[in-house]
Amino acid sequence: MRGNLSESLTFTVPISLEAHALAERFRNKHRNPQKAKQVYLNTLAVFAVQFYLRCMGIKTSWQGSLSWNPLIQTLMDIADLEVIGLGKIECLAVLPNEQVLHILPEVSSDRIGYVAVQFEQSLEEATLLGFVKTVPENGELLISQLNSLEDLLIHLNKPIEKIEQPIHLSQWLMNVVDAGWQTIESLLNPQQSELVFRFRGTEHTLVHPENSTSSLQKGKLLDLGRDSKSQIIALVVGLISVSREEINVGVKVYPTGGKNYLPKELELIVLDEAGIPVMQATARNTKSIQLNFSSEIGERFSVKVALGDVSFTELFLT
């Protein structure tokens, strides 16, 4: 296998038989011809970017990426590649003579960059055309707007900044749950573990959410204590899928350890993408606090739980 760094800083990668065999293996898992073709090209695009980054001494983990998962391939048009220690790059397959790329909302955020990979008709070679750090809001990216691959290397070799990775709520409904989030039964007693959501005058009860494909709830414990005195509460997030574009979200805090009431003055706050509080409640003699809202797919928000000067904030992506 060879690579050729041209004067214009594009990079041409021969597509190996091994890469085609992997793409064929993934393609055979999908009956829909259009989806099968999409998965095939996405696989070759990820292969080409991985090859390039390896040549540049940058470590990646394809098997740790969502694009390696056939279930996710079915549900999303995705070609992500995990760059170890930095985050995900989206590998954008470009067909011959294509001048405009269309990036779907589901991959238009939570990426450290986007690399365009153009194929020839024969699929014997792929050319990495360039890179951008972010995509336009309308999801349309002109080939002429790409920065050079040199800029990609500069971007990846900057001093590592800790990039806060959001929790992917829509992927929870695909049984891909972020580490640290547990079943409700493992956190709460049976009387606490039934979540009721009220949205736009309707009511949804999640009694057996683990068996559902359209609703789910997970939680984690937070210690808001200080000076060696624990104040452990449970933060629970519940989801109900409304449509491909919208999801209902409920966030709730409970006392734990046999306590019936939350600590007084505990605050539960929902913040928008800009960090501006949009919903807020404070515990008095309160058994639990719950905030419900709807979110469009691809939208970011944060949930903050605070007690005095101790607080935790979780970043979410729907």
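Tutor: A definition before the sheet: two strands count as paired if DSSP finds at least two bridges between them. Keep in mind that this is a predicted model.

Student: OK. What order do the 4 strands of the open sheet come in?

Tutor: The order is β13-β14-β15-β18, and the strands pair antiparallel.

Student: Which are the edge strands?

Tutor: β13, residues 215-223, and β18, residues 289-296. Each of them pairs on one side only.

Student: And how many degrees does the twist average from one strand to the next?

Tutor: It averages 20°.

Student: How many bridges hold β15 and β18?

Tutor: There are 8, in the antiparallel sense, and β15 covers residues 246-255. At one point along that pairing, V249 is opposite F293 of β18.

Student: Switching to packing. Which residues of the largest nonpolar core touch the most other members?

Tutor: That core has 38 residues, and the ones with the most contacts to fellow members are V49, L53, I89, V115, V117, L128 and L152. Elements giving two or more residues to this core include the helices α1 (17-27), α2 (33-55) and α4 (149-156), along with strands such as β5 (87-94), β7 (113-119) and β8 (125-132).

Student: Which element gives the most to this core?

Tutor: α2, with 12 residues.

Student: Is there a second core, or what else is packed? What does a second, separate core include?

Tutor: A separate core of 30 residues includes I167, W172, L224 and V253.

Student: Back to V117. What does V117 touch, sequence neighbours aside?

Tutor: Leaving out residues up to four places away, V117 contacts A45, A48, V49, L92, A93, V94, A126, T127 and L128.

Student: Which residues of α4 are buried?

Tutor: L149, L152 and L156. They sit on the same side of α4, because they cover an arc of only 45° around the axis.

Student: What do the buried residues of α4 pack against?

Tutor: Against β2, α2, β5, β7 and β8.

Student: New topic, charges. How many salt bridges does the structure hold?

Tutor: It holds 5. As background, side chains of opposite charge can pair when their charged atoms come close.

Student: What does E90 form a salt bridge with?

Tutor: With R111, and the closest N and O atoms are 2.8 Å apart. The two belong to distant parts of the chain, 21 residues apart: E90 is in strand β5, while R111 is in the loop between β6 (100-102) and β7.

Student: Are E90 and R111 buried or exposed?

Tutor: Both are buried.

Student: And R27, which side chain does that one meet in a salt bridge?

Tutor: The side chain of E24, at 2.4 Å from N to O. Both residues are in helix α1, 3 residues apart, about one turn of the helix.

Student: Why does R27 count as partly exposed?

Tutor: Because its relative accessible area is 29%, and the partly exposed class lies between 20% and 50%. E24 is also put at 29%, so E24 counts as partly exposed.

Student: Last one. How far apart are N and O in the salt bridge of E265 and R284?

Tutor: 2.9 Å. E265 is in the loop between β15 and β16 (267-271) and R284 in the loop between β17 (277-282) and β18, so the pair ties together parts 19 residues apart in sequence.

Student: What is the relative accessibility of E265?

Tutor: 45%, so E265 counts as partly exposed. R284 is at 49%, and R284 counts as partly exposed too.

How values were computed: Residues are numbered from 1 along each chain as its sequence is written. This is a predicted model: local features need pLDDT of at least 70, side-chain atom pairs count only at pLDDT 80 or more; totals for chains, interfaces and linings use all residues. Side-chain values use heavy atoms; hydrogens and water are left out. A nonpolar core is a set of buried Ala, Val, Leu, Ile, Met, Phe, Trp, Tyr and Cys residues joined through side-chain atoms within 4.5 Å. Buried means under 20% relative accessible area, exposed over 50%, partly exposed in between (1.4 Å probe, protein chains only). Contact means heavy atoms within 4.5 Å. The arc is that of the directions from the helix axis to the C-beta atoms. Axes are lines fitted to C-alpha atoms, for helices over the stretch in contact, and angles run from 0 to 180 degrees between N-to-C directions. A salt bridge is a side-chain nitrogen of Lys or Arg within 4 Å of a carboxyl oxygen of Asp or Glu.
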